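Welcome! Take a moment to look over the sequence and turn the structure around before reading on. The briefing below walks through it topic by topic.

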Amino acid sequence: MTSEFEILQDQLELSGRRGRWLLVIVISAVFLAAWMLTPDDSGSGTHRQLGLPECLLLQLTGVRCPTCGMTTAFSHFVRGHWLAALQANPAGALLALGLAICWPVLVLSLTGHCVAPGTWLMRRLPVLVMVWLALAGGYWLLSMLIRSEF
């Protein structure tokens, strides 16, 4: 007879695998889209190729928002133009690097190899996202202060 603990453990493992599969698919789609786009020479605006509008904050105030240049950074990153990615949006380049590191770890954990890092990553994902958001927001505020646009 299966105990309730064993059933719960099986459900957690299944949701963990589903979560890892979902992340692998999303990361793959993001990198594929970035590869299909041509990086904008201005450092931002690559997202317009997806039919998205210009940044409202930039349009109204002339100030770049924290995500301005992120699509451009990803598009440069997948081409190996890491300096251009950093110049377009450092937070975007950092996120692309983090996702590029996570992808093989997640794939290996799904194949049964290297399971511990995949499990560690999934358990700490909310904290990693919060750290990235804090770094991105901090960089944006610092750049606003340096440019005296704030």
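## A first look at the pocket and the fold

By class, 17 nonpolar residues and one polar residue line the largest pocket, with no charged residues among them. Keep in mind that you are looking at a predicted model. The protein chain has six helices and zero strands, and we will visit several of those helices in turn.

**The overall chain**

- Reading along the sequence gives the pattern α-α-α-α-α-α.
- The protein chain has 150 residues, and 30% of them count as buried.
- About 9800 Å² of the protein chain is exposed, and carbon and sulfur atoms supply 70% of that area.
- Take the contacts between residues at least 6 apart in sequence: 56% of them join residues at least 24 apart.

**The largest pocket**

- What is the volume of the largest pocket? It comes to about 470 Å³.
- The lining is made up of 18 residues, and those nearest the centre of the pocket are Leu95, Leu99, Cys102, Leu125 and Leu128.
- Three elements each give two or more residues to this lining: helix H1 (4-36), helix H5 (90-110) and helix H6 (115-147).
- Leu133 is a residue of helix H6, and its C-alpha atom lies 9.8 Å from that of Leu95, although the two are 38 residues apart in sequence.
- Is Leu133 buried or partly exposed? Its relative accessibility is 44%, so Leu133 counts as partly exposed; the buried class is kept for values under 20%.

**Helix H3, an enclosed helix**

- Why is helix H3 (residues 70-77) described as largely enclosed by the rest of the structure? The reason is that seven of its eight residues are buried.
- The buried residues of H3 are Met70, Thr72, Ala73, Phe74, Ser75, His76 and Phe77.
- His76 belongs to helix H3, and because its relative accessibility is 14%, it counts as buried.
- Setting aside neighbours within four places in sequence, His76 is in contact with Pro39, Asp40, His81, Ala84 and Ala85.

**Gly69, in the loop between H2 and H3**

- Gly69 sits in the loop between H2 and H3.
- With 7% relative accessibility, Gly69 counts as buried, so being in a loop does not keep this residue from being buried.
- Which residues does Gly69 touch, not counting those up to four places away in sequence? They are Gly43, Ser44, Arg64, Ala88 and Asn89.
- Gly69 and Leu86 are 17 residues apart in sequence, and their C-alpha atoms are 9.5 Å apart in space.

**His47, in the loop between H1 and H2**

- His47 can be found in the loop between H1 and helix H2 (56-61).
- A polar atom of the His47 side chain lies 2.9 Å from the backbone oxygen of Pro53.
- Not counting residues up to four places away in sequence, His47 touches Leu52, Pro53, Glu54, Cys55 and Thr71.

**Leu110, in helix H5**

- Leu110 is part of helix H5, and as its relative accessibility is 10%, it counts as buried.
- How many residues along the chain separate Leu110 and Trp21? They are 89 residues apart along the chain, while their C-alpha atoms are separated by 7.6 Å.
- Trp21 is also among the contacts of Leu110, together with Arg17, Arg20 and Val24, once neighbours within four places in sequence are left aside.
- Here is a helpful idea for looking at those contacts: an α-helix has 3.6 residues a turn, so residues three or four places apart point the same way.

Definitions and conventions. Residues are numbered from 1 along each chain as its sequence is written. This is a predicted model: local features need pLDDT of at least 70, side-chain atom pairs count only at pLDDT 80 or more; totals for chains, interfaces and linings use all residues. Side-chain values use heavy atoms; hydrogens and water are left out. On a 1 Å grid over the protein atoms alone, a cavity is a set of points where a 1.4 Å probe fits but cannot get out, and a pocket is an open set with protein on both sides within 12 Å along at least five of seven lines; lining residues have an atom within 4 Å of a point. Grid points are joined across faces, edges and corners, and a volume is the space filled by probe spheres set on the points. Helices (H or I, at least four residues) and strands (E, at least two) are DSSP runs, numbered from the N terminus. Ala, Val, Leu, Ile, Met, Phe, Trp, Tyr, Cys and Pro count as nonpolar, Asp, Glu, Lys and Arg as charged, and the others, Gly among them, as polar. A polar contact is a pair of N or O atoms within 3.5 Å; within protein, one must be able to donate a hydrogen and the other to accept it, and residues adjacent in sequence count only if both atoms are side-chain atoms. Contact means heavy atoms within 4.5 Å. Buried means under 20% relative accessible area, exposed over 50%, partly exposed in between (1.4 Å probe, protein chains only). Accessible areas come from the Shrake-Rupley method with a 1.4 Å probe; for residues, only the protein chains shown count as cover.
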